[in-house]
Amino acid sequence: DSHKHKDKHKDKEHKHKEHKKDKEKDKSKNSNSEYRDFSEKKHKDKEKDKVKHKDSSSSEKHKDKHKDKEKHKEEKSKFSSDDFKVKKEKENGFSSPSCNRSENEDDCLFSIKEDKPLKRHRDNDEDIAYKPKKIKTEDEKREKKRKQEVENDKSKKKSKDKGAMGEGKKKKMKKEEEEKWKWWEEERHPEGIKWKFLEHKGPVFAPAYERMPDKVKFYYDGKTMKLSLGAEEVATFFAKMLDHEYTTKDIFRKNFFKDWRKEMTSEEKSTITSLDKCDFGEMHQYFKAQAEARKQMSKEEKQKIKEENERLLQEYGFCMMDNHRERIANFKIEPPGLFRGRGNHPKMGMLKRRIMPEDIIINCSKDSKVPVPPPGHKWKEVRHDNKVTWLVSWTENIQGSIKYIMLNPSSRIKGEKDWQKYETARRLKKSVEKIRSQYREDWKSKEMKIRQRAVALYFIDKLALRAGNEKEEGETADTVGCCSLRVEHITLHPEIDGQEYVVEFDFLGKDSIRYYNKVPVEKRVFKNLQLFMENKQPEDDLFDRLNTSILNKHLQDLMEGLTAKVFRTYNASITLQQQLKELTSPDDNVPAKILSYNRANRAVAILCNHQRAPPKTFEKSMQNLQVKIDAKKDQLVDARRELKSAKADAKVRRDEKSKKTVESKKKAVQRLEEQLMKLEVQATDREENKQIALGTSKLNYLDPRISVAWCKKWNIPVEKIYNKTQREKFAWAIDMADEDFEF
DNA sequence: CTCTTAACTTAGCATTGAGGTC
DNA sequence: GACCTCAATGCTAAGTTAAGAG
């Protein structure tokens with residue numbers, strides 16, 4: 001019975017894909033419905049449920065499905081929890097405005113043409129002062145801002161920096177200054193110029209392939225076979241991955257085998273014709289043993305390796321940019337291996353080839369010491385382009401895209417950009433209301449294009465969706481963002497669960513992470529969506545007259561520097577600020593306040609759909625924590641009892657010593673209570689965080705000055721919020737934000 | 001306008017190693 | 001001192017955006 005279901009399931013899916021194919025370039029896609037673990041499961045369950053409804057049966061499998069379904073529901077509600085939405089809507093100013101304009105307006109016919117470019121006035125008086133060139137104005141604005149801030153700071157700085165500094169001291173100061181250079185207090189480069197001087201040592205290449213010992217055999221069709229150097233290297237890539245599920249996937253195996261054969265000698269090629277007959281078992285074991293041996297290394301050996309790494313870092317991990325030694329982010333070239341795309345990627349398993357000096361383009365100053373290629377090699381090119389920030393680039397062979405070596409987030413060049421990003425988001429804050437009322441107006445436009453644009457923008461604003469560029473079919477996993485949503489990704493519910501006009505989203509977004517959400521929308525949006533979906537197939541674009549380019553051009557007209565992603569930054573940051581205000585209780589102790597911070601952070605992560613697979617050891621670590629809590633509770637009970645008896649004792653004895661005992665017992669109880677509290681808070685935090693990743697929003701979406709201000713206001717050490725790396729990245733914010741900072 | 005490409009940001013997972021526990 | 005755990009870090013894929021060619 002269950003077998004039949006599976007078949008049906010497959011069949012259905014197959015059809016679904018087939019259908020798609022008609023429209024798109026014929027691509028022989030496998031009906032294998034493997035999304036990555038986390039998203040995949042739920043997705044599958046949904047499909048299963050559908051099947052289940054069709055013909056019910058009581059097999060064991062079905063019971064499981066049922067369970068899964070319940071779980072699924074739970075998860076759903078977690079991500080679209082009313083609690084959260086209410087809050088979010090408040091802070092975003094989405095207090096569901098009444099839309100009682102005549103309904104009929106909506107349904108009027110559209111003129112198919114007449115591109116009347118909706119002229120928008122620059123509403124921001126500050127903006128008027130901007131020059132037309134967008135980047136420039138952005139820079140100027142910041143320039144202005146910085147100068148102002150420097151001005152404000154001057155008195156403070158003067159005495160430190162310049163004021164009482166004798167010639168003798170200068171050298172010492174310079175060195176110290178070097179350690180923590182405050183680039184944010186300095187003049188910026190003119191527009192478009194990224195640096196004036198750049199010198200570095202070039203990349204570190206992946207170590208050359210080392211042959212396996214002869215005793216480690218590879219077998220083909222049961223017979224041992226000595227592979228040639230090239231073929232062996234590629235074989236080891238596969239052998240190392242044998243534990244991974246994806247080495248069982250058809251696409252992966254097919255791609256790998258195809259690329260592997262390219263590396264074989266003609267002899268090998270004629271012998272090895274089927275991957276299924278390959279036995280990498282011994283190789284696999286060998287690498288496992290190697291890994292184990294590495295773990296078992298003595299302290300000295302480990303120390304040696306560490307020192308070697310440090311040497312490498314010191315030599316290649318830094319560059320000189322404009323008189324400052326700056327950390328490079330990724331100075332090591334990606335080693336060869338098998339490509340593993342995320343989600344159901346058509347290219348998984350392909351060989352990522354080794355990058356050679358001849359592939360490398362070096363970028364540095366003309367007047368710098370140009371890095372020297374490894375002996376016997378030369379660079380592909382050396383250029384001197386100070387309009388870009390990268391030091392090294394090469395073209396990767398899977399997608400043919402360019403990869404770069406750039407600077408660490410703590411560098412001036414990255415920091416300035418980051419700061420600028422938040423300043424743009426803050427400018428959006430000033431004009432967001434106007435923009436919102438504009439797109440609400442546009443819902444009624446007689447032009448389809450404008451309506452689509454307005455609805456899409458509403459989603460981007462309200463749900464923090466990504467822009468959604470179109471992607472080349474068959475080159476990447478099938479994922480979408482706002483503009484590339486297809487009809488099959490949303491379901492309209494005129495009424496559901498007591499709510500009207502609900503849109504149910506279900507699609508795979510960036511990194512094939514599933515986005516699932518049920519959102520009540522305004523009636524006008526709902527009606528528009530119905531209209532957009534009319535006469536369309538599930539695999540058709542929802543916004544067929546829109547793409548990211550059109551959308552971003554429009555946004556550019558609304559505000560200098562405005563693009564789709566600014567909404568994500570803005571909504572994330574404003575949500576954090578708002579939630580922090582709401583959740584922080586002045587009387588709480590430090591751990592409780594940090595829990596509040598994490599909850600605010602969490603609200604943002606939910607908004608931005610930053611998920612993670614629950615850690616493999618989650619259940620266990622949760623249990624461990626519970627054990628600790630229970631133990632602490634027992635201790636507390638004991639301590640209280642002891643305190644009580646000590647008190648009784650003191651009452652009788654009335655001497656100093658017993659009084660002291662009471663005091664110390666009291667202290668012990670207090671300490672235990674505090675410890676217990678801390679543990680419980682930790683447990684709550686961890687539980688709530690099971691499948692939510694806070695890091696991404698913290699690092700990329702939340703204006704660090706909000707967090708810094710919060711820390712200062714409540715006297716929380718920033719170290720509790722930002723670890724060392726994060727503090728380096730956000731040094732500018734930690735230095736400049738005071739407790740009154742308002743995003 | 002469409003298509004392509006370069007440059008840069010954002011993303012989650014795997015590995016590592018510091019610091020705690022046994 | 002061995003072992004364990006989880007946060008930090010490393011890695012690199014997958015997005016966004018602007019610009020330029022056709």
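This report covers the two DNA strands, the coiled-coil annotation and the main nonpolar core of a predicted model.

## Basis

The model is predicted: local features need pLDDT of at least 70, side-chain atom pairs count only at pLDDT 80 or more, and totals for chains, interfaces and linings use all residues. Residues are numbered from 1 along each chain as its sequence is written, chains are lettered from A and ligands numbered from 1 in the order in which they are written, and side-chain values use heavy atoms, with hydrogens and water left out.

## DNA strand B

There are 29 residues around DNA strand B (near means a heavy atom within 4 Å). Lys414, Arg466, Lys510, Thr696 and Tyr701 come nearest. Sugar or phosphate accounts for 85% of the strand B atoms within 4 Å of the protein; bases supply the rest.

Polar contacts here are pairs of N or O atoms within 3.5 Å. A polar side-chain atom of Lys414 lies 2.3 Å from a phosphate oxygen of strand B. For Thr389 the distance is 2.9 Å. For Tyr701 it is 2.9 Å.

Helix 13 (412-442) is one of the elements that supply at least two residues to this surface (helices are DSSP runs of H or I, at least four residues; strands are runs of E, at least two). Helix 13 gives the most, with three. By class, the surface has eight nonpolar, seven polar and 14 charged residues (charged means Asp, Glu, Lys and Arg; nonpolar means Ala, Val, Leu, Ile, Met, Phe, Trp, Tyr, Cys and Pro; the others, Gly among them, are polar).

## DNA strand C

Around DNA strand C there are 31 residues, with Arg342, Lys403, Gly468, Lys565 and Thr725 nearest. Of the strand C atoms within 4 Å of the protein, 88% belong to sugar or phosphate.

Phosphate oxygens of strand C lie 2.9 Å from a side-chain N or O atom of Lys471, 3.0 Å from a polar side-chain atom of Asn552 and 2.7 Å from a polar backbone atom of Lys565. Helix 16 (548-558), helix 17 and helix 19 (618-653) each give two or more residues to this surface. Helix 19 gives the most, with three. The classes are four nonpolar, 14 polar and 13 charged.

## Coiled-coil annotation

An unreviewed UniProt entry places "coiled-coil region" at residues 288-315 and 622-689. Residues 288-315 are 93% helix, with end C-alpha atoms 31 Å apart. Residues 622-689 are 96% helix, with end C-alpha atoms 12 Å apart.

## Nonpolar core

The largest nonpolar core has 78 residues (buried Ala, Val, Leu, Ile, Met, Phe, Trp, Tyr and Cys joined through side-chain atoms within 4.5 Å; buried means under 20% relative accessible area with a 1.4 Å probe, protein chains only). Phe459, Leu465, Phe505 and Phe543 touch the most other members. Helix 14 (residues 448-463) gives the largest share, nine residues. Domain 3 (414-566) and domain 4 (574-736) both contribute, so the core lies between them.

Notes. A polar contact is a pair of N or O atoms within 3.5 Å; within protein, one must be able to donate a hydrogen and the other to accept it, and residues adjacent in sequence count only if both atoms are side-chain atoms. UniProt positions are given in the numbering used here, feature names are shortened, and annotations may be inferred rather than shown by experiment. Buried means under 20% relative accessible area, exposed over 50%, partly exposed in between (1.4 Å probe, protein chains only). Domain bounds come from an automatic or database domain assignment.
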